[in-house]
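Reader: I am new to this structure and would be grateful for a close look at a single part of it. Please choose the part, describe its surroundings with care, and then place it within the whole.

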Amino acid sequence: MHLFYLEGKQMADIRRPDDMVRITTPERADAFIEEQIDLIKKQVGDKKVLLALSGGVDSSVVAALLIKAIGQQLVCVHVNHGLLRKGEPEQVIEVFKNQMNANLIYVDATDRFLDKLAGVSDPETKRKIIGGEFIEVFAEEARKLDGIKFLAQGTIWPDILESEAGIKAHHNAGGLPEDLSFELVEPVRILFKDEVRMVGKQLGLPDGMVYRQPFPGPGLGVRCPGAITRDRLEAVRESDAILREEFAKNGLEGKVWQYFTVVPDFKSTGVKDGKRTFDWPCIIRAINTTDVMEVTVEHLPDALIDHLVDRIIKEVKGINRVLFDYTPKPPATVEYE
Ligand code: XMP
């Protein structure tokens, strides 16, 4: 069954057909998967494909598709930049290496990233360091490998539309140095996000991965405003884990667009067990939106707020106050940096 008539086209020329049916059912997702597997096999032959697997929805779906199509010819590289959420690298290894038997290279580059970021407080400089270092680590891994001909990317249709409209630069070939020139494999480039999720679900990825909330590339780095220190970063990671756990328990996972914590770089006085403390506040942000241009705030039940305050204060080292951000966008942005 050929739904999309993509065969024989160069990757860059593949566009979403105007009359393409939206993939809203498991049957359509299965048809798409079948066709893509066929196309990937024809494009790649017996050559090897490299993929930067972040654990985000798009790269995870691309990995699952390629594993199904070419198995061990796919080499996944998961770079842990030390700014991932609690449990994320472990989940990538569990799902792709242990369950799907992927050829996965795990690089723990935490020290390298955090050392480079030490003392850097300007948000744009932080972002550039994280992005630049990521490419460097990935390129180093790529150079160690022999016989890679293709680079797979989780480009999706809105990325292409936005880059054509000049809104966002679409990093072709991941911004890799010129000596690493690969032919692209972009099996979900004609799909919208909801379709990518449907395909991911049909490929057997866990719900936690398929319905994940958006997470910025620079990770928790933008939620640890100012110069990142390991102890404050840990407070962000632990408080975020508690927030996610409580949202899941209270049926809010998948309903609220994005929710996270921020630990700003200032301290205030508190009291614990009769003793003075001087610790950071933890800010909770929970928002809803359709296009992220304008967002509204999700108001949480009082009992949940009380419970979150209690848990975060008790369980997270270095926090003595919990605040809730009631500001929509505009005037505030979603992230703090
Ligand atoms: P803002 O803060 O601009 O965020 O209102 C809008 C959406 O974009 C995400 N975001 C990022 N995603 N790299 C990313 O990949 C980034 O540097 C970045 N900054 C913000 C943010 O999480 C929200 O969903």
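Author: The account below turns to the open sheet of five strands, and then to two residues of strand β8 and to the protein as a whole.

The model is a predicted one. In the open sheet, the strands follow the order β3-β2-β1-β4-β5, and their pairing is parallel. Strands β3 (103-108) and β5 (183-185) stand at the edges; each has a single partner strand, so one side of each is left without a neighbour in the sheet. On average, and with direction ignored, neighbouring strands of this sheet are turned by 30 degrees against each other.

At the β5 edge, the partner is β4 (residues 148-152), and the two strands pair in the parallel sense over three bridges. Within this pairing, Phe 150 stands opposite Glu 183 in β5. Helix α1 (residues 26-44) packs on the sheet, where it touches β1 (48-52), β4 and β5. The direction of helix α1 makes about 165 degrees with that of β5. Helix α3 (residues 88-99) also packs on the sheet and touches β2 (74-80) and β3. The direction of helix α3 makes about 165 degrees with that of β3.

Strand β8 (residues 275-288) offers two charged residues for closer study, one of them Asp 279. Asp 279 is buried yet has no salt bridge. The nearest side chain of opposite charge belongs to Lys 267 and is 4.9 Å away, whereas a salt bridge requires a separation within 4 Å. Leaving aside neighbours within four places in sequence, Asp 279 is in contact with Phe 266, Lys 267 and Ser 268, as well as with Gly 318, Ile 319 and Asn 320.

Arg 276 also lies in strand β8. With a relative accessible area of 60%, Arg 276 counts as exposed, because the term applies over 50%. Residues up to four places away in sequence not being counted, Arg 276 touches Thr 269, Gly 270 and Val 271. From Arg 276 to Glu 337 the separation is 61 residues in sequence and 31 Å in space, C-alpha to C-alpha.

As for the whole, the secondary structure of the protein comes to ten helices and ten strands. A compact globule of 337 residues would have a radius of gyration near 20 Å, and the 21 Å of the protein agrees with this. Along the principal axes, the C-alpha trace spans about 70 × 40 × 40 Å. Buried residues make up 50% of the 337 residues. Among contacts between residues at least 6 apart in sequence, 76% join residues at least 24 apart.

Note on methods: Residues numbered from 1 in each chain as written. Predicted model: local features only at pLDDT ≥ 70, side-chain atom pairs only at ≥ 80, totals over all residues. Heavy atoms only, no water. Helix = DSSP H or I, 4+ residues; strand = E, 2+ residues; numbered from the N terminus. Buried < 20%, exposed > 50% of the residue type's maximum accessible area, 1.4 Å probe, protein only. Lys, Arg positive; Asp, Glu negative; His and termini not counted. Contact = heavy atoms within 4.5 Å. Pairing = 2+ DSSP bridges. Axes fitted to C-alpha atoms, helices over the stretch in contact; angles between N-to-C directions. Rg over C-alpha atoms; globule rule 2.2 N^0.38 Å.
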